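Welcome, and thanks for taking a look at this one. Please have the model open while you read the briefing.

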Amino acid sequence: MSKDLNDSLNQAIAREIAVSIQYMWQHVMGEGIESPGVLEVFKKIAIVEMKHAEAIAERLDFLGGIPTTKPDDIKIGGSLQKMIKDDIMAEKDAIKLYRDIIALANKETDIVTRKLFEDILVDEEGHLAEFQTLLGKK
Ligand SMILES: [Fe+2]
Ligand SMILES: [Fe+2]
């Protein structure tokens with residue numbers, strides 16, 4: 001594994017941990033909000049993000065790297081609209097980063113890492129679509 005791929009996988013882990021906390025806390029702190037369906041979406045996606053963090057950490061460990069424990073910036077609070085906008089930004093960032101990782105893994109003929117991120121990318125595009133639907137904007 002190159003240093004670039006090592007660093008990129010750790011970047012991915014840092015953001016997966018961050019969004020996992022971000023979405024779960026939006027679920028918890030949004031308890032007063034009038035849309036229980038939205039709160040369930042936060043929780044459901046938070047759990048998927050934690051699974052992503054675990055899968056990427058497993059892969060990095062297998063490749064001889066040390067998975068980070070430090071999350072990226074976590075954005076919490078504000079109106080429901082603001083929260084969802086923050087989440088849309090987070091998903092767009094993930095999609096961009098994971099496309100780069102897929103290209104890098106491919107260059108290094110690390111097919112398993114490429115496949116892992118192809119699968120995760122499908123989830124992230126789904127999350128983006130779900131948040132955009134919540135906001136009523138495509
Ligand atoms: Fe994720
Ligand atoms: Fe996501």
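Below are some notes on the fold, the surface and the metal site. Please keep in mind that this is a predicted model. The protein has four helices and zero strands, and an iron ion (ligand 1) is held by side chains that include Glu16 and His52.

**Fold and overall shape**
- Along the sequence, the helices give the pattern α-α-α-α.
- The radius of gyration is 15 Å, which agrees with the value near 14 Å for a compact globule of 138 residues.
- The C-alpha trace extends about 50 × 30 × 20 Å along its principal axes.
- Of the contacts with a separation of 6 or more, 81% join residues 24 or more positions apart.

**Burial, surface and charge**
- Of the 138 residues, 46% are buried.
- The exposed area is about 7,400 Å², and carbon and sulfur atoms supply 58% of it.
- There are 18 positive and 25 negative charges, and their mean positions lie 4 Å apart.

**The metal site**
- Coordination of the iron ion (ligand 1) comes from Glu16 (OE), listed twice, along with Glu49 (OE), His52 (ND1) and Glu124 (OE), at 2.0 to 2.3 Å.
- Along the chain, these donors follow the spacing E-x32-E-x2-H-x71-E.
- Glutamate 49 also bridges to the iron ion (ligand 2), and the two iron ions, ligand 1 and ligand 2, are 3.9 Å apart.
- Glutamate 49 and histidine 52 are about one helical turn apart, because they sit three residues apart in helix H2 (residues 36–62).
- Both glutamate 49 and histidine 52 are buried.

How values were computed: Residues numbered from 1 in each chain as written. Chains lettered and ligands numbered in written order. Predicted model: local features only at pLDDT ≥ 70, side-chain atom pairs only at ≥ 80, totals over all residues. Heavy atoms only, no water. Helix = DSSP H or I, 4+ residues; strand = E, 2+ residues; numbered from the N terminus. Rg over C-alpha atoms; globule rule 2.2 N^0.38 Å. Buried < 20%, exposed > 50% of the residue type's maximum accessible area, 1.4 Å probe, protein only. Contact = heavy atoms within 4.5 Å. Areas by Shrake-Rupley, 256 points an atom, 1.4 Å probe, with all protein chains shown as cover. Lys, Arg positive; Asp, Glu negative; His and termini not counted. Charge placed at Lys NZ, Arg CZ, Asp CG, Glu CD. Donors = N, O, S within 2.8 Å, 3.2 Å for Na, K, Ca; no water.
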